[in-house]
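Here is a friendly walk through one protein model, written for someone who likes to check atoms and angles. Have the viewer open and follow along.

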Amino acid sequence: MQIDIEKKMIKTDKEREVDYDKLIIGTGSVPFLIPIPGADKEGVMTFRTIEDCQKMMEGSKRYKKAVVIGGGLLGLEAARGLLNLGMEVSVVHIASHLMERQLDSTAANMLKRELEAQGMNFLLEKETQEIFGNDRVEGLRFKDGTEVEANLVVMAVGVRPNIQLAKESGIETNRAIVVNDYLETNIPDIYAVGECVEHRGMVYGLVKPLYEQGKVLAKQICGAPCEGYQGSVLSTQLKISGVDVFSVGQFTDSETTKSITVFDEVDGVYKKIVLQDNKMVGAVLFGDTSDGPRLLDMILEKRDISEMEKVALFQSSEGNESQVASMAHGDMICQCNGVSKGAIIEAVQKEGLTTVEQVKTCTKASGSCGGCKPLVAELLTYIQSDSFDEVIEQKTMCSCTALTEDEVVQEIQQRNFTSIQEVMDGLNWEKSEGCAICRAALHYYLGMIYPEYEREQEALL
């Protein structure tokens, strides 16, 4: 594919030419393969796609020793998957502790001990020199001269922005495609979004920034008022059963920050929040992540906590009360898709949802990164419990009626109303001719219920 920025035209690999007014580049990223001897041997793979997972599953049926290169989020999840497949798993990591981009050394060491108890072996501060073997991988040799056997090697050392198309087209790139706050490149009418983008020097490899960028870009292209993209506060939750890890924002101490920590070594619980100018800028939780969503909200809202009792920052609920019970209806359960606690309660009550999968399908909560899935499950359990007594206030369609939209639709179906005026007369509308809000809504619902209504209206025009 080629982009002709002068003619504002795209030429595809099938030689098709397509003109554009506005062009959005969303080429994403590609897995990074460490350029070492032996990386092309059979049995060496990345961990990125469904096909990669299928290869891992097939390999586990014939081979028993696996090595994962990369002790970050993706590498640990790959290692856990290989353990589940019955393989012996070693994790090779160049840093001194795991998940160094998300965890401080204390939390990382607790995580290491927990995963070792599950059966993982760790080789830290190791740099791979080569992958050896004949046609198929037989092991890894490190720069310090030591070796480890392996029949299967998974490289999970991150991704690289896919910027080839942009570079070939004369669009400015650095580590990724350089954009401003409105996702504009240096070429007029060409935008970029997602993992291929570099904004204010930051390149994001997670899904949440993509959604936030997409909202800004949609407004920009449509000419709607917009403040621009201000960057994302990243949160991470390790998706390994039995291991509770949560990280958000700036988790390391600096000259301008102060931290508060709670460390219960007996029960394996560690909590740390980082403060700057009386505002929370980051947090790390291990062993008990129930405070995560609340702390994330406080960071996103840049809430001043100077008047708060500091120990209360770690107490989202009292006694055995569910953590979600203490959340307000407006608090976000799913940050990626902007789904609040109240929205989920309303969907459950309205649609009769009983499973997390149904909630995801209906509201999109937990449908992106999946980090909020445990919280969605907890909320669903709370809604189904005897202690749940929260009510979502049903809003009326407009000031012309005391009925909600659902009640109006039900009346239309039960009483066979076929026109806007019939609805207003039959349901005792306060204003005989209604208003712009209800007339538009009734027109829409009548068209949905009676396809012939839409045709009749078009014939009148």
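A residue is called buried when its relative accessible area is under 20%, exposed when that area is over 50%, and partly exposed in between. The structure is a predicted model, so please read every value below as computed from that prediction.

**A buried residue with positive phi**

With that cut-off in hand, start at Met 99. Its relative accessible area is 1%, so Met 99 is buried because it falls under the 20% limit. Met 99 is found in the loop between β8 and α3. The backbone is worth a look here: phi of Met 99 is near 45°, a positive value in a residue that is not glycine.

Asn 416 also has a positive phi, about 55°, without being a glycine. This residue sits in the loop between α10 (405–415) and α11 (420–426). Is Asn 416 buried or exposed? Asn 416 is exposed, with a relative accessible area of 51%.

**The nonpolar core**

Met 99 leads on to Leu 111, since Met 99 is among the residues that Leu 111 touches. Leaving out residues up to four places away in sequence, the list for Leu 111 reads Leu 76, Leu 98, Met 99, Leu 103, Leu 238, Val 243, Val 245 and Phe 286.

Leu 111 also belongs to the largest nonpolar core, which has 36 residues. Leu 76, Leu 82, Leu 111 and Leu 238 are the members with the most contacts inside that core. Two or more residues each come from β7 (65–69), α2 (73–84), β8 (88–93), α3 (105–118), β13 (152–155) and β23 (279–286). Which element gives the most to this core? That is α2, with six residues. As general background, nonpolar side chains in soluble globular proteins tend to be buried together.

**A five-strand sheet and the helix across it**

β23 also takes part in an open sheet of five strands, in the order β19-β20-β23-β22-β21, with antiparallel pairing. At the edges stand β19 (235–237) and β21 (258–264); each has a single partner strand, so one side of each is left without a neighbour in the sheet. On average, neighbouring strands here are turned by 10° against each other, direction ignored.

The partner of β21 is β22 (residues 269–276), and the two pair in the antiparallel sense over seven bridges. To find the register, look at Lys 258, whose bridge partner in β22 is Leu 275. Helix α3 lies across β20 (245–249), β21, β22 and β23, and runs at about 20° to β23.

**Salt bridges**

The model holds 24 salt bridges. Three of them are set out here, with the separation of their N and O atoms.

| Acidic residue | Basic residue | N to O distance |
|---|---|---|
| Glu 15 | Lys 11 | 3.3 Å |
| Glu 195 | Arg 48 | 2.8 Å |
| Glu 130 | Arg 141 | 2.3 Å |

In the pair of Glu 15 and Lys 11, Glu 15 is exposed at 55% relative accessible area, while Lys 11 is partly exposed at 27%.

Why does the bridge between Glu 195 and Arg 48 tie together parts that are 147 residues apart in sequence? Because Glu 195 lies in the loop between β16 (190–192) and β17 (197–199), whereas Arg 48 lies in the loop between β6 (44–46) and α1 (50–62). Glu 195 is buried, with a relative accessible area of 19%, and Arg 48 is partly exposed at 37%.

Glu 130 is in strand β10 (residues 128–133) and Arg 141 in strand β11 (residues 137–142), so this pair ties together parts 11 residues apart in sequence. Glu 130 is partly exposed at 23%, and Arg 141 is partly exposed at 24%.

Elsewhere, salt bridges link Lys 271, Asp 288, Asp 291 and Arg 294 into a network.

**A polar contact from helix α5**

The last stop is Gln 220, in helix α5 (residues 207–222). Gln 220 is partly exposed, with a relative accessible area of 23%. Apart from neighbours within four places in sequence, Gln 220 is in contact with Tyr 182, Glu 184 and Tyr 191. A polar contact of 3.3 Å joins its side chain to that of Glu 184. These two residues are 36 apart in sequence, and their C-alpha atoms are 9.4 Å apart in space.

Note on methods: Residues numbered from 1 in each chain as written. Predicted model: local features only at pLDDT ≥ 70, side-chain atom pairs only at ≥ 80, totals over all residues. Heavy atoms only, no water. Core = buried A, V, L, I, M, F, W, Y, C linked by side-chain atoms within 4.5 Å. Buried < 20%, exposed > 50% of the residue type's maximum accessible area, 1.4 Å probe, protein only. Helix = DSSP H or I, 4+ residues; strand = E, 2+ residues; numbered from the N terminus. Contact = heavy atoms within 4.5 Å. Polar contact = N/O pair within 3.5 Å; in protein donor to acceptor, adjacent residues only side chain to side chain. Salt bridge = Lys/Arg side-chain N within 4 Å of Asp/Glu carboxyl O. Pairing = 2+ DSSP bridges. Axes fitted to C-alpha atoms, helices over the stretch in contact; angles between N-to-C directions.
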